[in-house]
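Colleague: I would like to learn how to read a structure I have not met before. Could we go through the features one by one, with the general idea placed ahead of the particular case?

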Amino acid sequence: IVRASFDKQPKYIDDVVNNFDDMVCGYCMGIELNEYFNTTQVAQLVAKLKSRTSKSVGVHWTIGGTGLCGADTLYYQYGFGLSSAKIKSLTKSKKATLPAGARFIAAEYAKNSDKEGRALGDAALSGGANGTGNGASQ
């Protein structure tokens, strides 16, 4: 879908909502959005999706990205090889940059959900994350 022209993206959103909205609890516009869309385009797509659903709409960028572009959830990418202390401190500092009420989901901090991955998820939760993408023991 990212290879399709930008003008085809709104129809894709319509198709996804029409076919899956009753089966999902929320949406993420894409992963590493900044690799194929600029922030103006992401904001347009987020607005389109939010006009079609009452469910949470999130964004996900490459490492360190925090712009919401109108979304209500950030799926934050930390990168790999970080300590629990670093995950916790990054979670606190990055979540503090978001508007009140925005959700912060810890994502891409471990390559799997083994014991180490769950420990890093726990660190993110203790830093204030609203959820995790790679798992946690809590």
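Colleague: Let us begin with one residue: in which helix is Lys94 found?

Modeller: Helices (H or I, at least four residues) and strands (E, at least two) are DSSP runs, numbered from the N terminus, and Lys94 is found in helix H3. Before we go on, note that this is a predicted model, in which local features need pLDDT of at least 70 and side-chain atom pairs count only at pLDDT 80 or more, while totals for chains, interfaces and linings use all residues. Residues are numbered from 1 along each chain as its sequence is written, and side-chain values use heavy atoms, with hydrogens and water left out.

Colleague: Is Lys94 buried or exposed, or something in between?

Modeller: Buried means under 20% relative accessible area, exposed means over 50%, and partly exposed lies in between (1.4 Å probe, protein chains only). Because its relative accessible area is 23%, Lys94 is partly exposed.

Colleague: And which residues does Lys94 contact, once its neighbours within four places in sequence are left aside?

Modeller: Contact means heavy atoms within 4.5 Å. Leaving those neighbours aside, Lys94 is in contact with Gly64, Thr66, Tyr76 and Phe104. Arg52 makes a useful reference point, for it is 42 residues from Lys94 along the chain, and the C-alpha atoms of the two are separated by 29 Å.

Colleague: How many helices and strands are there in the protein chain, and in what order do the elements run?

Modeller: There are four helices and five strands, and from the N terminus on they run α-β-α-β-β-α-β-α-β. The radius of gyration, which is taken over C-alpha atoms, can be set beside a globule rule of 2.2 Å times the number of residues to the power 0.38. Here the radius is 15 Å, close to the 14 Å that the rule gives for 138 residues, so the protein chain is as compact as a globular protein of that length. Its C-alpha trace spans about 45 × 30 × 30 Å along the principal axes, and 38% of the 138 residues count as buried.

Colleague: What does the largest nonpolar core contain?

Modeller: A nonpolar core is a set of buried Ala, Val, Leu, Ile, Met, Phe, Trp, Tyr and Cys residues joined through side-chain atoms within 4.5 Å. The largest one here has 31 residues, and those with the most contacts inside it are Met29, Val59, Leu74 and Tyr78. At least two residues of this core come from each of helix H1 (9-20), helix H2 (39-52), strand S2 (56-60), strand S3 (73-77), helix H3 (84-95), strand S4 (103-107) and helix H4 (115-126). Helix H2 gives the most, with four residues. As for Tyr78, its contacts beyond four places in sequence include Ile63, Ile87, Phe104 and Ala124.

Colleague: How should I read contacts against distance in sequence for the chain as a whole?

Modeller: One takes the contacts between residues at least 6 apart in sequence, and in this protein chain 59% of them join residues at least 24 apart. A single pair shows how sequence and space can be set side by side: Lys88, in helix H3, is 34 residues from Asp122 in sequence and 8.6 Å from it in space, C-alpha to C-alpha. Lys88 also touches Ala123, Ser126 and Gly127, not counting residues up to four places away in sequence.

Colleague: Where is Gly117, and is it buried or exposed?

Modeller: Gly117 has its place in helix H4, and it counts as buried because its relative accessibility is 0%. Gly117 and Gly135 are 18 residues apart in sequence and 6.6 Å apart in space, C-alpha to C-alpha. Beyond four places in sequence, Gly117 is in contact with Tyr109, Ala110, Asn112 and Gly135.

Colleague: Which residues other than glycine have a positive phi here?

Modeller: Most residues other than glycine have a negative phi. Among those with a positive value are Cys69, with phi near 50°, and Glu108, with phi of about 50°. Cys69 lies in the loop between S2 and S3, whereas Glu108 lies in the loop between S4 and H4. Glu108 is partly exposed, with a relative accessible area of 23%.
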